[in-house]
Amino acid sequence: MNDTAIRVLVPTGMLGGGFPPETIERGLQLGADVIAVDGGSTDSGPFYLGSATPKTTRAQVEWDLRTLLKAAAEARIPLIVGSCGTGGTDAGVDWIAEITTDILVAEGLDLAVAAIYSEQKDSALVERLAAGAIHPLPPHGALDATTLEGCTRIVGMMGHEPIEAALRGGAQVVLAGRATDTAVAAAYPLMRGMPPGPAWHAAKIVECGGQCTTDPRAGGVLATIDAHGFTIEPLNPAASCTPASVAAHMLYETADPFRMREPAGTIDVTAATYRAVDERTVRVEGSEFEPAPQHTIKLEGARISGYETMSFTAIRDPHILANIEEWATLLHKVLGEWVARTLRLDVGDYAVDIRLYGHNAVLAEHDPATGPAREVAVMLLVRAPDQATATAIAKVANPLMLHLPTADMAYLPSTAFPFSPAETERGPAYEFVLNHVVDVDDPTELFRTEYRKAPADA
Amino acid sequence: MPETLGELALEVRSKNAGPFWTTMELFMRDEAGYAAAADEDVLNEEVVARLYGVPAEQVRIFRIPDLNVVKISFPRPVPQGGLRDRDVHSGQHHVPLALLVPPAADARGSGGTD
């Protein structure tokens, strides 16, 4: 039983990102069949996955979710949230599920909720590794069991299949752990029989909400997928989609703008055409999806790389600024000597990064600019196996950061510390370590779905 | 004054493409600007390798005339969020590319007529 067209409403690029409420009303008026929104990303770094902490605060998420749940209930259409809690960890899914339950109770809404968990046990993955079922993605090499065992959290990125299964199981609200950005928007049109080329391509275009429009801050978008392609328009009547704004979104955060791997296959938009239907609506045709011979699930994992302490001062003296690189090199060298003498640590026991903000902190040796800056902030970042050691090293650095002269100065300068105490403990630091895929026989086998009774039935 | 690629562009931007890749795009103003940025003698894998200190064989360049866009991707030299990562989102890494000065159109071997 195929429909002729399915309309996907994407309110914002990230749950908690906010949107004008009238854009949701407009989407319902236009006949939205499903609301899909992404709740996470790796883009803000490994901390959120590694620590299972959301990047957003509860009030932001609650505001968005309340509006979306009410809209879904009013229109009797499903709501799908992907990568819950930023990293898509089990704690992230539970956090969004708890907020959802509170809203459903407070608003008296009767919706069936499914939670899909995507966290992976290292021991189970070690067995799959031993069986030869885990492969690296470029630029990474082969994986060893120790790397899997060292992760604080590992998630698998689900495709559309577990989401579709939850919808077929009766869920009106699907709260998914880590999912591909595209799977969240593609799941419902695929389930309703839309062809995979347009469904996946549309899902990629809408995954960042209004990013594919001429005014990304104006709100989200509506994609209408049919048997031959899809059309896309902004939910805000004042914004536009143009062939250039839509085509350009394939470039955003993609290493390859034409081909993108999903668990079930590869989206190929090489032959896609983008045509203006009117001044704010674009028609896309020619998108393809190549099913893969082997279904794969991408893994993401983060581990603690150490504990960090930061110290920060500022220099305005033109004499030091004229010799700032020499000064920083001297700081690094003397710090190493003092740490060896007082803390009895070798350079291999800890790591230090000295960043000269205002000089070349962002691009370092690749910075094309020359000439002394007007002022420079000196950030010392220390990483050690434990917090106390990291802070001890930063404290040893303190008199140097305060008073170190350049080689030709006959007096001790004093730099401008903005804070007392000078040191800020950053806690555990995380790093991403997995860039690998697992071969699976069944695209749902790594994921666990729990159906939660709607509050009204409880 | 010779113009930089950034001055010939509507926008030059950079961003992560996942935790292990950096990607950047030059959205050129017009076909002449595109011809300058897409010229393989001006901007190629070796030039990107020199600008960013990455191996040339890992640099991927996509030239997209329909959009007047040149897109460049390479593995992140520093893992995202690591001790030495000074740009978690890779949001400011477009600058060396934007400051590249292409030779004037008449001095280039191909394209660039307007």
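Which residues does Ala97(A) touch, not counting residues up to four places away in sequence? Ala97(A) touches Leu175(A) and Arg452(A). The model is predicted, and the contacts and areas below are computed from it.

**Helix α4 of chain A**

Ala97(A) is found in helix α4 of chain A. Its relative accessibility is 2%, so Ala97(A) counts as buried. Along the chain, Ala97(A) and Leu129(A) are 32 residues apart. Their C-alpha atoms are separated by 32 Å.

Gly92(A) also has its place in helix α4, which covers residues 90-107. Gly92(A) has a relative accessible area of 5%, and is therefore buried. Leaving out residues up to four places away in sequence, Gly92(A) touches Cys84(A) and Gly85(A). Tyr117(A) is 25 residues from Gly92(A) in sequence. In space the two are 9.4 Å apart, C-alpha to C-alpha.

**Chain A overall**

Chain A has 13 helices and 20 strands. Its C-alpha trace spans about 85 × 50 × 45 Å along the principal axes. Of the 458 residues in chain A, 55% are buried. Among contacts in chain A with a separation of 6 or more, 78% are between residues 24 or more positions apart.

The exposed area of chain A is about 18,700 Å². Carbon and sulfur atoms supply 52% of that area. Chain A carries 34 positive and 59 negative charges. The mean positions of these two sets are 3 Å apart.

**Nonpolar cores**

In soluble globular proteins, nonpolar side chains tend to be buried together. The largest nonpolar core here has 52 residues. Val8(A), Ile80(A), Ile163(A), Val174(A) and Ile232(A) touch the most other members. Helix α8 (residues 181-191) of chain A gives the most to this core, with 8 residues. Another core, of 34 residues, lies apart from it. Leu9(A), Ile77(A), Ile99(A) and Leu111(A) are among the members of that second core.

What does Ile80(A) touch, not counting residues up to four places away in sequence? One stretch of its contacts includes Val34(A), Ile35(A), Ala36(A) and Val37(A). Ile80(A) also touches Ile163(A), Leu167(A), Val174(A), Val184(A) and Tyr188(A).

**An enclosed helix**

Why is helix α9 (residues 196-206) of chain A largely enclosed by the rest of the structure? The reason is burial, because 10 of its 11 residues are buried. The buried set includes Trp200(A), His201(A) and Lys204(A). Gly197(A), Pro198(A) and Ile205(A) are also among the buried residues.

**Helix α2 of chain B**

Helix α2 of chain B covers residues 45-52. Val47(B), Val48(B), Ala49(B), Leu51(B) and Tyr52(B) are buried in it. Their cover includes β2 (21-28), β3 (60-64), β4 (69-75) and α3 (95-98) of chain B. At the start of α2(B), a side-chain oxygen of Asn44(B) reaches to within 3.1 Å of the backbone nitrogen of Glu46(B). Gly53(B) follows α2(B) and has a positive phi, near 65°.

**Arg13(B) and both chains**

Arg13(B) has its place in strand β1 (residues 9-16) of chain B. Is this residue buried or exposed? Arg13(B) counts as buried, because its relative accessibility is 17% and the cut-off is under 20%. Its side chain joins that of Glu25(B) in a polar contact of 2.4 Å. In chain A, Arg13(B) touches Ala248(A), Leu251(A) and Tyr252(A). Its contacts in chain B include Thr23(B), Met24(B), Phe27(B) and His94(B).

**Backbone details**

Two cis peptide bonds are listed here.

| Cis peptide bond | Omega | Loop holding the second residue |
|---|---|---|
| Pro138(A) and Pro139(A) | about 10° | between β5 (134-136) and α6 (145-149) of chain A |
| Ser420(A) and Pro421(A) | about 0° | between α13 (387-403) and β18 (423-432) of chain A |

Positive phi values also occur in residues other than glycine. Arg344(A) has a phi near 55°. Its place is in the loop between α12 (324-342) and β16 (351-357) of chain A. Arg344(A) is exposed, with a relative accessible area of 69%.

Asn68(B) likewise has a positive phi, near 55°. Asn68(B) sits in the loop between β3 and β4 of chain B. At 16% relative accessibility, this residue counts as buried.

Definitions and conventions:
Residues are numbered from 1 along each chain as its sequence is written. Chains are lettered from A and ligands numbered from 1 in the order in which they are written. This is a predicted model: local features need pLDDT of at least 70, side-chain atom pairs count only at pLDDT 80 or more; totals for chains, interfaces and linings use all residues. Side-chain values use heavy atoms; hydrogens and water are left out. Helices (H or I, at least four residues) and strands (E, at least two) are DSSP runs, numbered from the N terminus. Buried means under 20% relative accessible area, exposed over 50%, partly exposed in between (1.4 Å probe, protein chains only). Contact means heavy atoms within 4.5 Å. Accessible areas come from the Shrake-Rupley method with a 1.4 Å probe; for residues, only the protein chains shown count as cover. Lys and Arg count as positive and Asp and Glu as negative; His and the chain ends are not counted. The place of a charge is taken as NZ of Lys, CZ of Arg, CG of Asp or CD of Glu. A polar contact is a pair of N or O atoms within 3.5 Å; within protein, one must be able to donate a hydrogen and the other to accept it, and residues adjacent in sequence count only if both atoms are side-chain atoms. A nonpolar core is a set of buried Ala, Val, Leu, Ile, Met, Phe, Trp, Tyr and Cys residues joined through side-chain atoms within 4.5 Å.
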